[in-house]
Amino acid sequence: MKKARGIEVGMVVFAGGRKGVITGVGGFDNIGVRHEHQEAITIYRASEITLRPDPAPDRRFALDVLTPEQLALATEIRDILRPFLDGEARGSKALEELIAPHQNRKDLSLSRTTAYRRIRAYKESEDISAFLPDRAWRPRAQNKVQKTAQEQAMETAISRHIMCRKPLRYRTIYSEKLKDICDAFGCAMPPYATLVRRINAVKRLDPYAVEVAQKGKRAADLKYRQNRGSHPLATGPLSCVQADYWDVHGIAVDAFTRQSVGRPVLCLATCITTGMPYGYYLSFEPPNAGFIGVTLYEGMMPKEQLLKRLGVEMDWPVWGPPKVLQLDNAKDFRGEMIKAFCKSWGIDLQHRPVRTPHFAGSIENRFRQLATKIEHLPGATGSNHTSKKGNPSKEATLTIDEFEAYFINLLKEYINTPVKRFGGMTPLQKWKSYFFDTVTGEQIRAIPTPPEDPQSLRIELMPFFDRKLSQKGLLLDHIHYDSPQLTAIKRRYAADQRVPMRIRRDPRDISYIYVMDPLDKTYIQVPWVNRSREPINLWQHRKILRINLANAVKNTEENQIRAQEGRKQLVQTAAKKTKKARREVANARHGMKMSDAQNPKIFNDPIPASIQAALAIPDEDHAEKPSPPAAKPKFDFEL
């Protein structure tokens, strides 16, 4: 699952539940497959072909199983052996050339035999932990060279009187400023020639930093960092994907009352080489880590189900993991979930420098084009107060679902419009030209295969938490979660033992969570204990907690349900008057619908053998275990 292998002629694949061999590739929608014991050729879409008959069982999650140090080491070894994994290098001689620069590193322990063993294990399991060395090794502490007092004095003089808006002359620094600095450090003054050499070395080694200190960042960028030519990473399809947020320049209305709700937020990802849209997520929620998770999930999966849900017919043959993912420095883009996911899939995660929107020209231009396309719609707000016309809240007529369908049609129009920088080709034609010859139609590059296990992919892109399992189940944000499968896990341990568990949750629907079984390393779905409670999203639940806190009410399950019912009535009443209440109702409705369309439902999945064995043990076998102490607090942990 980690490596997206291509679809080519002669490959053994599985399509329609049967094994076969690819006989020809005539496009994304015309791939010929000859099945076993069958002479006729069947035509399939590329999204209908997989390399395995069924998803791999007991999927391992790198972040949950490996420590950060182990994950970084395994990723480094995989990057070293990547030419062998991609098929670009073959033979013992090529392998020895790859590992020769790293044979002296004891932490990697790379030899030819070991490298072959790890490559074979990775191809069989597709698990990044196959690259981990058998024995751990820790480097010795290195002695750091201490700077002398004279060197520190010269660095201080340079930082004060050279790296500033009004730099002084060298002779002035030496004769008037350096003596006081040297006296403060308790050292003698260095020769004048030494100071001059140090200053010239600073200017020579980092002229950009000197220019920023003396003339400002804008002048330094114009002199040293002008964007000219093509993007250095635009080498092929999905070689680099840029993603960002955008507050839509338009007001949406509620689907029932048709009153204004507010501006939705769009998270969009696009391929900078071809200009093809990669994935998106549209919601009223405040930007969070779940935005980029849903966007990546939609980008890596085929788009047939998404387009079917929206009722739009278009050709959008984009799927598979990108090689480089470029994001800005927002807090939501720097979480551990996205970092570990990119490492696990071999994606190079890059954050562009702060306050440099020109570094993301591809996605910024796409937002600018969308802004011009919707400025004529009723309820358009414009990009600033000067371009605002009329009263958008009163003029708005589109719901968020209608705006999403309109947005998809804008993408359809864009990918079928000729672009000058592509030589008159449309983005869709440019995308297909990387896989098929534009004249003969022959395949020139392997088509990426879609993820074989969408369920595991969606869970892996959810935010995670670490909590301890007690005999009452799990407590997360003052909500108790429990299930028979979780009870089976509790039976393995003593009654007073608190076991750390890895939990993942979708913020759009917190009525259930996904808990990793420590033994099988697989996720089980655990609902909350009180089934009479209506599903809500995380932001609604946090408002309920704040209400109870303001009213000095203890946050128990019963009090939360009362606050939820009371608040629901208030919101329904206020929805006729306030935009904030209407936005909350529309946000909950749209979020639940999107959650049902994308989130995996694994209640009916086969129960792992270890849990079946624990469920088969009678309760009498556990009667002799010590019970928890009487003074045990009601809540499992403090929030």
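These legends describe close-up views of one predicted protein model. Local features need pLDDT of at least 70 and side-chain atom pairs count only at pLDDT 80 or more, while totals for chains, interfaces and linings use all residues. Residues are numbered from 1 along each chain as its sequence is written, and side-chain values use heavy atoms, with hydrogens and water left out.

**Figure 1. Overview of the protein.**
The protein has 23 helices and 20 strands. Helices (H or I, at least four residues) and strands (E, at least two) are DSSP runs, numbered from the N terminus. Of its 639 residues, 49% are buried. Buried means under 20% relative accessible area, exposed means over 50%, and partly exposed lies in between (1.4 Å probe, protein chains only). The accessible surface is about 33,300 Å², and carbon and sulfur atoms hold 52% of that surface. Areas come from the Shrake-Rupley method with a 1.4 Å probe; for residues, only the protein chains shown count as cover. Among contacts with a separation of 6 or more, 65% join residues 24 or more positions apart. A contact means heavy atoms within 4.5 Å.

**Figure 2. The aromatic pair Y245 and F291.**
The structure holds 14 aromatic pairs. Rings of Phe, Tyr and Trp (its six-membered ring) pair if their centres lie within 6.5 Å; planes under 30 degrees apart count as stacked, over 60 as edge-to-face and the rest as tilted. The ring centres of Y245 and F291 are 5.6 Å apart and the planes stand at 90 degrees, so this pair is edge-to-face. Y245 belongs to strand 7 (residues 241–247) and F291 to helix 11 (residues 289–300), so the pair ties together parts 46 residues apart in sequence. Both Y245 and F291 are buried.

**Figure 3. The aromatic pair F341 and W345.**
Here the ring centres of F341 and W345 are 5.8 Å apart and the planes make an angle of 40 degrees, so the pair is tilted. Both residues lie in helix 13 (residues 336–345). They are 4 residues apart, about one turn of the helix. An α-helix has 3.6 residues a turn, so residues three or four places apart point the same way. F341 and W345 are both buried.

**Figure 4. An aromatic cluster and the contacts of T274.**
Ring pairs link F28, W319, W431, F435 and F436 into a cluster. T274 touches W431. The other residues that T274 touches are F422, P427, K430 and Y434, leaving aside residues up to four places away in sequence. T274 lies in the loop between strand 10 (265–271) and strand 11 (277–283). Its relative accessibility is 0%, so T274 counts as buried.

**Figure 5. Charges over rings.**
A charge sits over a ring if NZ of Lys or CZ of Arg is within 6 Å of the ring centre and within 35 degrees of the ring normal. The charged end of K303 sits over the W316 ring, 5.3 Å from its centre. R458 lies over the face of Y297, 5.9 Å from the ring centre.

**Figure 6. Helix 20 and A552.**
Helix 20 (residues 538–550) has 13 residues and should span 18 Å at 1.5 Å a residue; its end C-alpha atoms are 19 Å apart, which agrees. The expected span is 1.5 Å times one less than the number of residues. Buried residues of helix 20 include L538, W539, I544 and L545. A552 follows helix 20, in the loop leading to helix 21 (557–574). A552 has a positive phi of about 60 degrees although it is not a glycine. Most residues other than glycine have a negative phi. A552 has a relative accessible area of 74%, so it is exposed.

**Figure 7. Loop residues D477 and E313.**
D477 sits in the loop between strand 16 (474–476) and strand 17 (479–481). D477 is not a glycine, yet its phi is positive, about 55 degrees. At 14% relative accessibility, D477 is buried. E313 lies in the loop between helix 12 (304–310) and strand 12 (324–327). At 70% relative accessibility, E313 is exposed. E313 and I408 are 95 residues apart along the chain, and their C-alpha atoms are separated by 9.8 Å.

**Figure 8. Cysteines.**
A search of the whole structure finds 0 disulfides, a disulfide being a pair of cysteine sulfur atoms within 2.5 Å. C240 is in no disulfide; its nearest cysteine sulfur, that of C271, is 8.1 Å away. C240 is buried, with a relative accessible area of 0%. C342 is also buried, at 1% relative accessibility.
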